[in-house]
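Biologist: I would like to learn how to read the features of a fold. Could we go through one model, feature by feature?
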Amino acid sequence: MASSLKALLVEDTAVDRMVLSFMLRKFHCEVILAKNGKEDVDMFLEGNKFDIVVCDKDMPIMTGPEAIKKIRAMGATDVKIVGVSADDNAMEAFMSAGADDFVPKPMRLEVLGPMIQEVINMKNN
């Protein structure tokens with residue numbers, strides 16, 4: 001049995017948190033929740049390690065791209081970061097901040113699934 005991934009889900013909307021948690025758990029991820037970019041950064045500052053971070057764009061206190069920039073600057077380069085947003089220009093914002101991938105909202109398992117699987121495969125090799 002493959003070891004489960006540790007996933008950090010950064011999302012301020014309760015419904016999206018539920019949907020995304022469900023998708024991550026389908027792939028046996030252990031899901032830790034953060035409600036904004038600052039909580040996301042704090043998790044890394046506290047020394048937590050994650051295999052994958054799924055991060056919303058527009059959140060109170062600190063946006064997803066701002067948080068990703070800070071996390072990458074801390075040297076967290078081996079964690080896969082996936083940005084999610086309904087914004088048309090969000091992909092650009094995430095990629096220039098250092099995200100590895102982008103998934104438009106509404107989220108679909110067919111899109112997120114292969115990204116999670118890729119992390120599982122890398123971890124098992």
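Biologist: Are helix 2 and helix 3 roughly parallel or roughly perpendicular to each other?

Modeller: A word first: this is a predicted model. Then take the angle between the axes. Helix 2 covers residues 37–45 and helix 3 covers residues 64–73; they pack at about 15°, with axes 8 Å apart. Angles under 35 degrees count as roughly parallel. Helix 2 and helix 3 are therefore roughly parallel to each other. Their crossing is right-handed.

Biologist: Which residues of helix 2 and helix 3 meet?

Modeller: From helix 2 come Gly 37, Asp 40, Val 41 and Phe 44. Helix 3 offers Ala 67, Lys 70 and Ile 71. Sorted by class, this contact has four nonpolar residues, one polar and two charged.

Biologist: Next pair. At what angle do helix 3 and helix 4 cross?

Modeller: Roughly 15°, and the axes of helix 3 and helix 4 (residues 90–97) come within 8 Å. That makes helix 3 roughly parallel to helix 4. Helix 3 passes helix 4 in a crossing that is right-handed.

Biologist: What makes the contact of helix 3 with helix 4?

Modeller: On the helix 3 side, Gly 64, Pro 65, Ile 68, Lys 69 and Arg 72. On the helix 4 side, Ala 93, Phe 94, Ser 96 and Ala 97. The classes are five nonpolar, two polar and two charged.

Biologist: And how far apart are the axes of helix 1 and helix 5?

Modeller: They are 10 Å apart. Helix 1 spans residues 14–26, helix 5 spans residues 109–124, and they pack at an angle of about 45°. That makes helix 1 oblique to helix 5. Here, too, the crossing is right-handed. Helix 1 makes the contact through Leu 20, Met 23, Leu 24 and Lys 26. Leu 109, Leu 112 and Ile 116 do so for helix 5. Six of these residues are nonpolar, none is polar and one is charged.

Biologist: Now the sheet. What is the order of its strands?

Modeller: The general idea comes before the case. Strands of a sheet pair through backbone hydrogen bonds, and the pairing is either parallel or antiparallel. Here five strands form an open sheet in the order 2-1-3-4-5, with parallel pairing.

Biologist: Which strands stand at the edges?

Modeller: Strand 2 and strand 5 (101–104). Each has a single partner strand, so one side of each lacks a neighbour in the sheet. From one strand to the next, the twist averages 20°.

Biologist: How many bridges join strand 1 to strand 2?

Modeller: Five, and the two strands run parallel. Strand 2 is residues 30–34. To place the register, look at one pair: Leu 8 stands opposite Ile 32 in strand 2. Strand 1 (residues 6–10) is mostly covered, with four of its five residues buried.

Biologist: In which sense do strand 3 and strand 4 pair?

Modeller: In the parallel sense, over five bridges; strand 3 is residues 52–56. Cys 55 stands opposite Gly 83 in strand 4.

Biologist: Are the faces of strand 4 covered or open?

Modeller: Check each side separately. Lys 80, Val 82 and Val 84 lie on one side, Ile 81, Gly 83 and Ser 85 on the other, and all are buried. Both faces are thus covered. For strand 4 (residues 80–85), that is six of six residues buried.

Biologist: Let us finish in the loops. Is His 28 buried or exposed?

Modeller: Use the relative accessible area. For His 28 the value is 51%. Exposed means over 50%, so His 28 is exposed. His 28 sits in the loop between helix 1 and strand 2. His 28 and Lys 105 are 77 residues apart along the chain, and 22 Å separates their C-alpha atoms.

Biologist: Where is Asp 12 found?

Modeller: In the loop between strand 1 and helix 1. Asp 12 has 30% relative accessibility, so Asp 12 counts as partly exposed.

Biologist: What does Asp 12 touch, leaving out residues up to four places away in sequence?

Modeller: Arg 17, Lys 35, Asp 56, Asp 58, Met 59 and Pro 60. Set that beside a distance across the model. From Asp 12 to Gly 98, 86 residues apart in sequence, the C-alpha to C-alpha separation is 21 Å.

How values were computed. Residues numbered from 1 in each chain as written. Predicted model: local features only at pLDDT ≥ 70, side-chain atom pairs only at ≥ 80, totals over all residues. Heavy atoms only, no water. Axes fitted to C-alpha atoms, helices over the stretch in contact; angles between N-to-C directions. Parallel < 35°, antiparallel > 145°, perpendicular 65-115°, else oblique. Left-handed = near helix turned anticlockwise from the far one by under 90°. Contact = heavy atoms within 4.5 Å. Nonpolar A, V, L, I, M, F, W, Y, C, P; charged D, E, K, R; others polar. Buried < 20%, exposed > 50% of the residue type's maximum accessible area, 1.4 Å probe, protein only. Pairing = 2+ DSSP bridges.
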